[in-house]
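Here are my notes on this one, in the order I'd walk through it on screen. Have the chain open alongside as you read.

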Amino acid sequence: MVLYSAGRTTSYPVDPPPVGLRFHYLGGGDEVGNVGVVIEDADGTRLLLDYGLAPTSPPRYPIEAPPVQDAVMTHSHVDHIGMAPWLCANHRTRLHGTALTASLSEMMWRDCYKISSIEKYPLAWDKRDIDTALDSWYHHDFGQSWKHHNWELTFHRAGHIPGAAMLHVQTPEKSILLTGDFDTRDSSLVEGAKPVLADILFIEGTYGGRYHPDKMEETERFLEAVDRVVRRGGTVLIPAFANGRTQDVVMILHKHRPHLNVHVDGMGKRVAKNHLSHPSFLKDASGLERAWRWAKKVSSKSDKKKALSADVIVSTSGMLEGGPALWYLNRLRHDRKNAVFFTGYQAEGTGGRELLETSHLNIYRERVYVPLETEQFSFSTHAGQKEILEFAKACQAKHVIVYHADAQTARPPLLAALQEQGHTVHEPQNGKSYIIQD
Ligand SMILES: [Zn+2]
Ligand SMILES: [Zn+2]
């Protein structure tokens with residue numbers, strides 16, 4: 001099914017702005033995920049940053065992109081790259097990203113296609129478009145600038161996940177920084193982002209208004225909870241996202257609890273292989289390698305059965321929306337010694353949220369009772385309120401555009417605090433054009 005036919009439905013204006021810099025969100029302007037933003041100057045130099053979809057059920061899609069020669073993909077999460085195959089197939093757009101983002105994109109697109117087919121969700125691109133997109137990549141390293149007409153573009157580390165980049169744009173008039181998803185705090189996998197001087201800062205506000213718990217304390221709370229379940233003879237199931245979280249959790253367990261019997265299943269195994277073949281994007285490549293060798297990788301039906309008696313199982317999907325995690329849960333739920341520990345936010349309408357709120361869950365289309373201990377831990381790799389404010393200040397940004405944030409809950413407290421810090425703050429809506437002149 002085709003959601004939009006090229007050139008018919010876009011909200012983007014035909015002509016360049018008369019003066020200054022125009023920005024226009026196709027998605028992600030006033031919501032989390034689903035990101036696509038076009039920036040353009042009076043000379044008609046234009047760039048699209050990210051083009052994703054929100055993997056909710058059903059998914060949310062951005063507004064149709066106008067023709068763009070070049071698009072920058074900040075990182076390989078599907079809410080940032082999910083619609084790129086449509087761009088490449090319809091506009092022959094070139095994709096710019098780090099080598100690791102490009103390498104991970106194939107797996108993410110194929111998985112996205114598979115889920116859409118199974119769930120019968122419409123998707124604007126098909127399998128052949130993945131191949132076109134894979135041929136459209138141009139790789140750039142951190143700190144190495146390239147020319148885009150009369151703009152100079154440079155990637156900087158974004159933290160968040162391996163390969164994630166912030167984009168710095170130097171136009172003849174302005175210095176602009178777009179963060180993508182970012183975190184200034186280190187994780188097991190990556191170093192945190194460092195500020196870059198900019199007149200105009202586009203910043204993600206997923207965790208606006210929220211303060212992260214201290215990382216060491218949260219890790220300790222998590223490890224103690226794991227110990228408690230293992231002591232009573234139970235197995236901890238940790239549903240985890242494939243791209244970033246799975247590897248992070250395995251590294252934490254390996255570092256602090258090397259005596260535990262930890263099994264890993266799901267797409268996170270292939271992601272880790274990709275990470276290990278791009279060691280320069282990791283904070284501690286040999287640490288990941290050791291942790292990965294230590295964890296038992298599930299690769300067959302008999303491995304799966306063996307894993308049921310493990311201390312810990314780390315498996316996709318992170319929100320209990322399919323994946324091997326459901327297979328494990330369906331068996332583990334009969335013994336109350338077992339537990340389910342979440343390490344990330346559980347979105348409205350997902351299996352994870354349902355389990356936390358009702359102790360029930362749909363497994364293979366049947367609603368079942370899961371009387372297990374559940375617990376939530378915060379291992380977020382997005383900057384929180386404190387980190388966002390410090391970052392904007394250190395960038396010395398005159399203008400700050402807050403996007404990738406819930407417009408009702410996360411954005412208002414962040415806007416107020418940024419204003420107090422002296423920035424001119426913008427709260428974009430999808431489908432509208434804004435011009436910054438000064
Ligand atoms: Zn995102
Ligand atoms: Zn992300």
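**Notes on the predicted model**

1. Let me start with a small spot: S359 sits in the loop between α11 (351-358) and β17 (360-363). Keep in mind that this is a predicted model. The thing to look at is the backbone, since S359 has a positive phi of about 60° although it is not a glycine. As for its surroundings, S359 comes out as partly exposed because 14 other C-beta atoms lie within 10 Å.

2. K120 belongs in the list of backbone oddities too. Its phi is near 60°, which is positive in a residue other than glycine. You'll find K120 in the loop between α3 (99-119) and α4 (127-134). Buried or exposed, then, is K120? K120 counts as exposed, because it has 8 C-beta neighbours inside 10 Å. For context, most residues other than glycine have a negative phi, and most peptide bonds are trans.

3. That second half brings me to a peptide bond worth checking by eye. The link from T316 to S317 is cis, with omega near 5°. S317 lies in the loop between β15 (312-315) and α10 (324-332).

4. Now zoom out. The protein has 13 helices and 22 strands. Its radius of gyration is 22 Å, close to the 22 Å that the globule rule gives for 438 residues, so the protein is as compact as a globular protein of that length. Along the principal axes, the C-alpha trace spans about 70 × 45 × 40 Å. Of the 438 residues, 51% count as buried. Looking at contacts with a separation of 6 or more, 71% are between residues 24 or more positions apart.

5. On the domain split: domain 1 covers 21-210 + 381-436, and domain 2 covers 215-376. Taken over C-alpha atoms, the centres of domain 1 and domain 2 are 28 Å apart. The contact takes 23 residues from domain 1 and 20 residues from domain 2. What is the make-up of the side of domain 1 that touches domain 2? Nine of its residues are nonpolar, ten are polar and four are charged.

6. The seven-stranded sheet deserves a slow look. It is open, the pairing is mixed, and the strand order is β7-β8-β9-β10-β11-β20-β21. At the edges you have β7 (146-148) and β21 (424-426), each pairing on one side only. On average, neighbouring strands of this sheet are turned by 25° against each other, direction ignored. At the β7 end, three bridges join β7 to β8 (residues 151-157), and the two run antiparallel. If you want a landmark there, W146 stands opposite L153 in β8.

7. Two helices lie across parts of that sheet. Helix α12 (residues 385-395) lies across β10 (175-178), β11 (200-204) and β20 (399-403), and runs at about 165° to β11. Helix α13 (residues 411-420) lies across β20 and β21, at about 170° to β20.

8. While you're on α13, click on Q419, which is in that helix. Q419 counts as exposed, because it has 12 C-beta neighbours inside 10 Å; the cut-off for exposed is 12 or fewer. From Q419 to Q346 it is 73 residues in sequence and 30 Å in space, C-alpha to C-alpha.

9. Last stop: β3 (residues 46-49). What covers this strand, one face or both? Both faces are covered, with R46 and L48 on one side and L47 and L49 on the other, all of them buried. I'd pause on R46, as a charged residue that is buried in this strand.

10. The partners of β3 are easy to trace. Strand β2 (residues 36-41) pairs with β3 in the antiparallel sense over four bridges, and L47 in β3 is the bridge partner of I39. β2 and β3 form a hairpin with four residues between them, and G44 in the turn has a positive phi of about 85°. β3 is also joined to β4 (residues 70-72), by two bridges, and here the strands run parallel. In that pairing, L48 stands opposite A71 in β4.

Technical notes:
Residues numbered from 1 in each chain as written. Chains lettered and ligands numbered in written order. Predicted model: local features only at pLDDT ≥ 70, side-chain atom pairs only at ≥ 80, totals over all residues. Domains from an automatic or database assignment. Contact = placed C-beta atoms within 7 Å. Pairing = 2+ DSSP bridges. Axes fitted to C-alpha atoms, helices over the stretch in contact; angles between N-to-C directions. Rg over C-alpha atoms; globule rule 2.2 N^0.38 Å. Buried ≥ 20, exposed ≤ 12 C-beta atoms within 10 Å, placed from the backbone.
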